[in-house]
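Q: Could you take me through the charged pairs in this one, slowly, and then what sits around them? I'd like a close look at who pairs with whom and how covered each partner is.

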Amino acid sequence: MRLVIARCSVDYAGRLTAHLPSAPRLILVKADGSVSIHADDRAYKPLNWMSPPCTLKEGADDGAGVWTVVNKAGEKLIITMEEILHDSSHELGVDPGLIKDGVEAHLQELLADRIETLGEGYTLIRREYMTAIGPVDILCRDADGGTVAVEIKRRGEIDGVEQLTRYLELLNRDPHLAPVRGVFAAQEIKPQARVLATDRGISCQILDYDALRGIEDDKLRLF
């Protein structure tokens with residue numbers, strides 16, 4: 001991973017255009033090729049980013065360093081460096097991955113075994129479907145043959161919706177899978193997470209752990 005702290009401005013040119021005026025920012029360049037621009041707020045969420053696969057070229061324009069990041073769709077992220085305050089690279093190695101909460105892992109296993117509880121005609125493609133940024137909990141098809149990505153949490157909060165959004169962005173670039181819609185499934189979903197999911201076209205599903213285990217009525221409630 002390469003960490004660069006620089007005073008820079010950023011321009012995005014693609015389906016939309018966006019401009020970040022000059023300010024000190026953190027730039028992350030990861031081994032998977034992704035590039036993201038961060039401010040000293042907004043928690044983990046970047047101001048702008050380019051997901052892999054993409055290429056990074058460093059050059060100069062009127063004496064200023066210019067980074068141009070281009071993805072396979074031809075979209076560009078242009079970073080104009082005014083002053084570099086820090087530039088370092090670190091080898092992180094292979095990450096062991098997230099160890100899920102025991103209930104979360106069991107929910108995933110139960111739902112995969114009883115995938116039809118998401119809807120009549122649903123079929124499982126696979127659990128832990130790998131993407132460039134991590135595994136999707138469940139990938140399946142609905143009765144019409146459409147691809148559905150399911151993110152499972154014990155407690156559904158905004159960060160889970162953000163995570164599923166990033167997965168959907170990548171999955172929808174695969175012509176063999178697209179279009180892919182999302183289902184955010186949890187035992188409890190916070191109101192703010194539900195609003196964000198709905199705004200992004202993601203369905204919310206309440207999971208009944210005991211029902212999935214066959215202890216109670218096995219119907220899931222879809223909201």
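A: Here's a walk through the salt bridges, followed by a few nearby topics. Keep in mind that this is a predicted model.

The salt-bridge count comes to 10. Let's start with D87 and R2, whose side chains meet at 2.7 Å, N to O. This pair links distant parts of the chain, with D87 in strand 7 (residues 76–89) and R2 in strand 1 (residues 2–13), 85 residues apart. D87 is partly exposed, at 38% relative accessible area.

Next up is R181 with D142, where the closest N and O atoms are 3.6 Å apart. R181 belongs to strand 11 (residues 180–189) and D142 to the loop between strand 9 (134–141) and strand 10, so this bridge ties together parts 39 residues apart in sequence. The two partners get different labels for cover: R181 is partly exposed at 31%, whereas D142 is buried at 13%.

Then there's R155 with E188, a salt bridge at 3.7 Å, N to O. Here R155 lies in strand 10 and E188 in strand 11, so the pair ties together parts that are 33 residues apart in sequence. R155 is partly exposed, with a relative accessible area of 37%, and E188 is partly exposed too, at 35%. As for shared partners, salt bridges join R2, E58 and D87 into one network.

Back to the R181 and D142 pair for a moment, since V148 touches both of them. V148 sits in strand 10 (residues 147–156) and counts as buried, at 0% relative accessibility. Beyond its sequence neighbours up to four places away, V148 also touches Y122, I138, L139, C140, V180 and V183. For a sense of scale, the C-alpha atoms of V148 and G214 are separated by 24 Å, with their positions 66 residues apart along the chain.

C140, one of those V148 contacts, brings us to the cysteines. C140 is buried, at 0% relative accessible area. Its sulfur is 15 Å from the closest cysteine sulfur, in C204, which is too far for a bond. The disulfide count for the model is 0. C8 is in no disulfide either, and its nearest cysteine sulfur, that of C54, is 16 Å away. C8 also counts as buried, at 0% relative accessibility.

C54 turns up again among the contacts of S34, along with L28, V29, M50, S51 and P52, leaving aside neighbours within four places in sequence. S34 is in the loop between strand 2 and strand 3 (35–38) and is buried at 13% relative accessibility. Its side chain makes a polar contact with the side chain of D32, at 2.8 Å.

One more arginine is worth a look, this time for its contacts to backbone oxygens. R114 is in the loop between helix 1 (102–113) and strand 8 (123–131). Its side chain reaches the backbone oxygen of A211 at 3.0 Å, and a polar atom of that R114 side chain lies 2.6 Å from the backbone oxygen of L212.

Finally, a look at the nonpolar surface. I5, L26 and L85 form a nonpolar patch there, with about 230 Å² of accessible area together. L26 is found in strand 2 (residues 17–29) and is partly exposed, with a relative accessible area of 30%.

Technical notes: Residues are numbered from 1 along each chain as its sequence is written. This is a predicted model: local features need pLDDT of at least 70, side-chain atom pairs count only at pLDDT 80 or more; totals for chains, interfaces and linings use all residues. Side-chain values use heavy atoms; hydrogens and water are left out. A disulfide is a pair of cysteine sulfur atoms within 2.5 Å. Buried means under 20% relative accessible area, exposed over 50%, partly exposed in between (1.4 Å probe, protein chains only). Patches are made of residues with over 30% relative accessible area and no salt bridge: like charges are joined within 9 Å, nonpolar side chains (Val, Leu, Ile, Met, Phe, Trp, Tyr) within 5 Å. Accessible areas come from the Shrake-Rupley method with a 1.4 Å probe; for residues, only the protein chains shown count as cover. A salt bridge is a side-chain nitrogen of Lys or Arg within 4 Å of a carboxyl oxygen of Asp or Glu. Helices (H or I, at least four residues) and strands (E, at least two) are DSSP runs, numbered from the N terminus. A polar contact is a pair of N or O atoms within 3.5 Å; within protein, one must be able to donate a hydrogen and the other to accept it, and residues adjacent in sequence count only if both atoms are side-chain atoms. Contact means heavy atoms within 4.5 Å.
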